[in-house]
Every structure is written in structure tokens, then in C-alpha cells.
Amino acid sequence: MSAEPILSARGLHVTFPGRRGGQPARAVDGVNLDVHPSEILALVGESGCGKTTLARTLMGLERPSAGEVRFGGVALDYSTRSLRAYRRRVQLVLQDPTGSLNPRHSVYEAVAEGLRIHGAEAFGSFGDEEAKVADALSRAGLRPPERFFRRYPHELSGGQRQRVVIAGALVLDPRVIVADEPVASLDASVRGEILKLLLALREDSGLSALVVTHDLGLAWNVADRVAVMYLGRIVETGPVETILRSPRHPYTQALLSVASAGAGSAAVILGGEPPDPARIPSGCRFHPRCPALGSGVAAAAGVEPACRAVDPGALPGGREAAVACHLFPPLVERL
Amino acid sequence: MPALRGVELAVEAGQKVGIAGESGCGKSTLALSLLRLLPPGTEVTGRVRLDGEDVLTMGWGRLRAVRWAAASIVFQGAMHSLNPVRRVGAQILEPILVHGEGGGADPGRRVARLLEDVGLAASAAEAYPHQLSGGQRQRVMIAMALACSPRLVVADEPTSALDVMVQAQILRLVDRLVTDQGIGLVMISHDLSVLTSTCDRLVVMYAGRIVEEGPAGEVFTAPRHPYTAALAAAHPRIGDRASRRNPGGLPGDPPDVERLPEGCSFRPRCPVAVAGCELVDPPLWPAGAGRRVACIHVRPVEPGAG
């Protein structure tokens, strides 16, 4: 793995205007994030935490209100022409393969569509469209590819449809895939096969992936690093084995306890609903739901006033483990 | 086409039974058949007994009385099951007025009580469904299901559209209400870990049949049927070395019920299939205390032992 990230966010903010004169929603509120070559990064959080907005902004589908997205060290330029070139290098794979595929397009047409949009520059070493489509289908695990050319989405299983969507992304030889809940709509037994495909693509083609998910088990299965997002910020990040085996942020701890114990007695179930990005609490944004504050742990550590009044700030990005929590001040980490 | 093929299931008062399986395995058909909710023309054979009374043969009047009052269903999409233009309180009140003796002198109080039981403010009765979050709507559905104090609640994927944290809140709520009120619960999900955290017993279905059943914890942590093992591995235990960078899964897809393979329906995807699997579709054999498994590998030593 080279040291330089291929895709990164620096000081990224995305704000949507408030509804009916309400406060604007700060969906992404100061995010630094790096995806390195051949790296699988899992971006984890509940719905409404801003993870999908962050992914869309990284794709160039939303314009940041502040900060920038960089690809290969160069800030993204939002002219139509550069965005088009950019989207060949960074491809999006959506959650629901049935909704992403046009029911009246054959598998061949679905996969060839990207090539036709991007024209000659997308063909690379392959002279013709058919060879390119066949190659993408077979890399996505649909073999022999010719057998799938003339089939339609309704003739395929859910897992096969998701493979077609992935082939449609691979046909343009992207460097990075951004996958939003790639297995959430698939059957449990099929899920593993699609995740194995992500691992194989990284192995064979050095593809990087940003996998957006609410599923910590998925992160454990495939990711190298994990970034936990809460209300527009990354609150904890680092290598999967560090973060998922010894989480420090009370929010990560709660998510993990629910992922491992479900509703069982060992689970730390947070009360209330995921909060509103139009009303981000003062101090630490997690403090109204924080179990460490509720249980007195924060008070015993003498940080309770800080929890209520001081924003722990945005994490720096990069590969190191980091946590935005007053219980773990950065000074202590360095010692 | 047969969606269910010889399913036997017993739920006792206060017991929580989880039914696991993938789309098309027949688990929702099973749920609907329990209350005769399948579309007209569906052929259902066998017996469904609710407190000893056969649901499949009872008259319409009796069936209407039994639904809600004796047994109720919580469906998965609360958004689609609630009427968008009626206030939540009125919708909870409806089954009470139609079926219940539960209303008593003051049905409004009963609605407020039910809302509080599911963790909502009594004032939520005045809200329309769109004013509530997904988790709150699912709580309303649960309040409706409990409105007439039923003996049995069938919950079909009650949490699958919800976030992990809200899902855990709802599961804990269902668990508490069912235990407190001694209600029998049949919970259906594709997620074995969700069922294991809530239920006493687990039933795993594949291609319209039960392939494994037993105490929830044992089935999940020590599955005997290779399909159960694959379902359990689909949701890894975080921290477990074996699943790190090694997602569990099965090649192939669930079978088409119209074209089931010969012999054991799971054979084409089975990692431990042997010669003979294509010959017999194994029945549920006893496999230890309270456990039964339909797999040639657990064939009882003495024939006739089951």
C-alpha cells in the first residue's frame, strides 16, 4: 500500500437548506477521510448520520459547502468535463440491484451503457465493446459471460443482479468503488459471495473500495479500516481489528454491543431516535445519548463539563486509530 | 406450486419461536396461513389450532373474532400498514371497538395506556403516521397488535426496515411485552442473530420445509444442518478470527419451488453433500434434546428412534 491516499476528503461540509424556514441541516459537518490504493474502508453509521451524503459528495454528486474532495492528490474540479472523467475512475454501486437496473435492458446493454457514455477513452486495451463487457461480467463472477448477455434482470437472482451492477462499474476500470450497502437487500446466504467478490477484486485488480454500511459484521468480514460516523462527523476511526475489538468511543461501543448481543441483556441500547442534523447538540454531539455521561463515567473522569460544552473537534483522517471523545484526549494518545 | 411442504410447529403461551429463512422459503406464507390470510384460491391442507380450535375450518364470523382478539400480526412495513390519513390513536382504537372487551368504560384511556406500554407518549395518539419515525410507527403497530390482548402475536420481519439501534429497542420491547403478558410469539426473520437474541426456540426453513429446529442458542452456536450453519455464518461474530476477511456464504441461489431438485432440496448448494443425498429428502430426525434436523448426516443410529 502506498502512503498517498487515492481518494480523500478534507474539512468537508455539506449543508442542506432548512425545510420551511427551519435550521439548515449539516449532513456532513467537518469530515477528513482517506481511502488508500487497494484499501477497503468501511464507513459505518445509522441512517441519518450523513454517510450516504458523504459518499455522494465523494462521488462528485453533491457539491461541498466547504472543504474539498481530492482524487490522486488533486482537488476535484466541478466542470462537467472533469466530473465525467472523474466518474470513470470512481464508480458508485447502489444498494438495491433491482432498482439500479432498467428492467427492459439486457445484461449486455446494462454493462455496455457506461462504455457508450464514456466513449473511446473507456475502452483501454480492449478494441471492442463485446470483449470489454465479457471481461467485466467475468470479473464480477458471471461466467461464462456470453451466457448472460441476452438475459434480463427478471431472469436473474438477487445475487446475480448485484453482480451485473458491479460489472457495470468494473467495465470502466475504476480505481475506487463506492458501494452503498452493497448487500443489505440480498439474502443472507448470498451476502457472503458478494463480499468475497469485493475482496477478490481488491486482490486481483488493486481496486480500492469505500463501503457504506450500518453493518459492523460486514466491516469485520472485508474492511481494512473502519470509520464510524455520527451526526455528520467521523467519531472514531482506525484499523478494523483495533476499533472492532477494543472500541473507545461510547457510540462505537454501543453499536458493537448491539451487533453482538442484539437485544440481549449485554446490549447497550441507546434511547431515543437518531438525532436531527438540523439541530446538532452543543459540546460533544453525542452527549445527549452518551452512556458514559449517563452512567457517571464522564463525571468521574472530570470531563463532564467538557462533554456538554466543548466540541471534541474533527478527526484528522489518515490511517491511525483516532477517537473524538473527551474521555480520550489526544494528548494521552501520544504518550 | 407448493410454498409449504409439511410444516409442523407448536407455540406455547409465553413462548417465543423464531422462524428463519431466506426469501421464498415459505416463512411469510406460514405466517399468513396461521390466520388464514392467504389469497383466495390458495390451497391449504393440514390443521392450524389456536387454543385447540381449528382456524382453517372455523366459520367467517368466528375467524373475524379470532383475528386481533386471539391472535394478531405485526407486518414489516409499518408505513404501508398504517392508514396515512387517520390519526394513530383512532387506528389503535378500531380493533378495540370492533373486537375487544379490552376497551372498558374508557377506550381513550386504553389507547393512552397501550402507547405508553410501547414507549410512546400518550399524545402520540393525535399524530398522523407521517409525523412519526420508522421506529415510532413500528411501535404503533405493536400497540395495535396488543390492543385486544391476544394470546398469540405473529411478527413478520418486525424490524428489518429499521436501524440497528432502533431495531434493538423494538426487539427488547417485544420481548418485555410478550414475557409480561404471557403471549405466544412467532417471529419471522431472515436474520438468525436477531431471532436468537429474542426467541426461545428457532425453526429454520428451506424451500418450504423445516430443516432444523431446537433451542435458539444451541441452533445458532452449534448448528447441525449445513444450511443453518451458512445462515449463522452470514452474520459473523465480530472478533472471531475465522471470519476475518473471510465472509461466510453459500454458492448458488435459493431454489425455485416449482423446480425443486431430486432428493434433499438443499443438495445443490450443500458443502457436505454425499452420495445418497439425491435419493431421499430426509425427514426431521431427532438430534439431541429438543432438537430435530433434516439432514442425512444426523440420521439416527437406531431406525425408528424418532
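Okay, let's start with A:His154, which sits in the loop between H5 and H6 of chain A; helices (H or I, at least four residues) and strands (E, at least two) are DSSP runs, numbered from the N terminus. A:His154 counts as exposed, because its relative accessibility is 64%. For that word, buried means under 20% relative accessible area, exposed over 50%, and partly exposed in between (1.4 Å probe, protein chains only). Its C-alpha atom is separated by 9.9 Å from that of A:Ser106, 48 residues apart along the chain.

Quick housekeeping: this is a predicted model, so local features need pLDDT of at least 70 and side-chain atom pairs count only at pLDDT 80 or more, while totals for chains, interfaces and linings use all residues. Residues are numbered from 1 along each chain as its sequence is written, chains are lettered from A and ligands numbered from 1 in the order in which they are written, and side-chain values use heavy atoms, with hydrogens and water left out.

Now, the two helices beside that loop. In H5(A), the buried residues are A:Glu129, A:Lys132, A:Val133, A:Ala134, A:Ala136 and A:Leu137, and they pack against H4 and H6 of chain A, where contact means heavy atoms within 4.5 Å. Just after H5(A), A:Gly141 takes a positive phi of about 90°.

On the other side, H6 of chain A covers residues 158–170 and reaches 18 Å from its first C-alpha to its last, close to the 18 Å expected; that expected span is 1.5 Å times one less than the number of residues. So how many of its 13 residues are buried? Twelve of them, so we can call H6(A) mostly covered. Take A:Gln162, which is found in this helix. It's buried, with a relative accessible area of 0%, and among the residues that A:Gln162 touches are A:Val93, A:Pro97 and A:Ile194.

On to salt bridges, meaning a side-chain nitrogen of Lys or Arg within 4 Å of a carboxyl oxygen of Asp or Glu. By this rule there are 34 over all chains. In one of them, the side chains of A:Asp215 and A:Arg191 meet at 3.1 Å, N to O. That pair links distant parts of the chain, 24 residues apart. Are these two buried or exposed? A:Asp215 counts as buried at 18% relative accessibility, and A:Arg191 counts as buried at 3%.

Another pair is A:Asp311 with A:Arg233, also listed at 3.1 Å, N to O. A:Asp311 is in a loop and A:Arg233 is in strand E10, so the pair ties together parts that are 78 residues apart in sequence. Salt bridges that share partners join both into one network with A:Arg26, A:Asp29 and A:Arg285.

Last stop, where the chains meet. The contact takes 36 residues from chain B and 48 residues from chain A. Together they bury about 3,400 Å², 52% of it on carbon and sulfur atoms; buried area is the accessible area (1.4 Å probe) that two parts lose on being put together, summed over both. B:Met165, B:Ile238 and B:Arg244 supply 22% of what chain B buries against chain A, more than any other three residues.

And which salt bridges cross over? The count between chain B and chain A is three. One of them joins B:Arg245 to A:Asp224, with the closest N and O atoms 2.7 Å apart. B:Arg245 is partly exposed at 39% relative accessible area, whereas A:Asp224 is buried at 11%. Another pairs A:Glu241 with B:Arg241 at 3.1 Å, N to O.

Terms used: Lists of a residue's contacts leave out its neighbours within four places in sequence.
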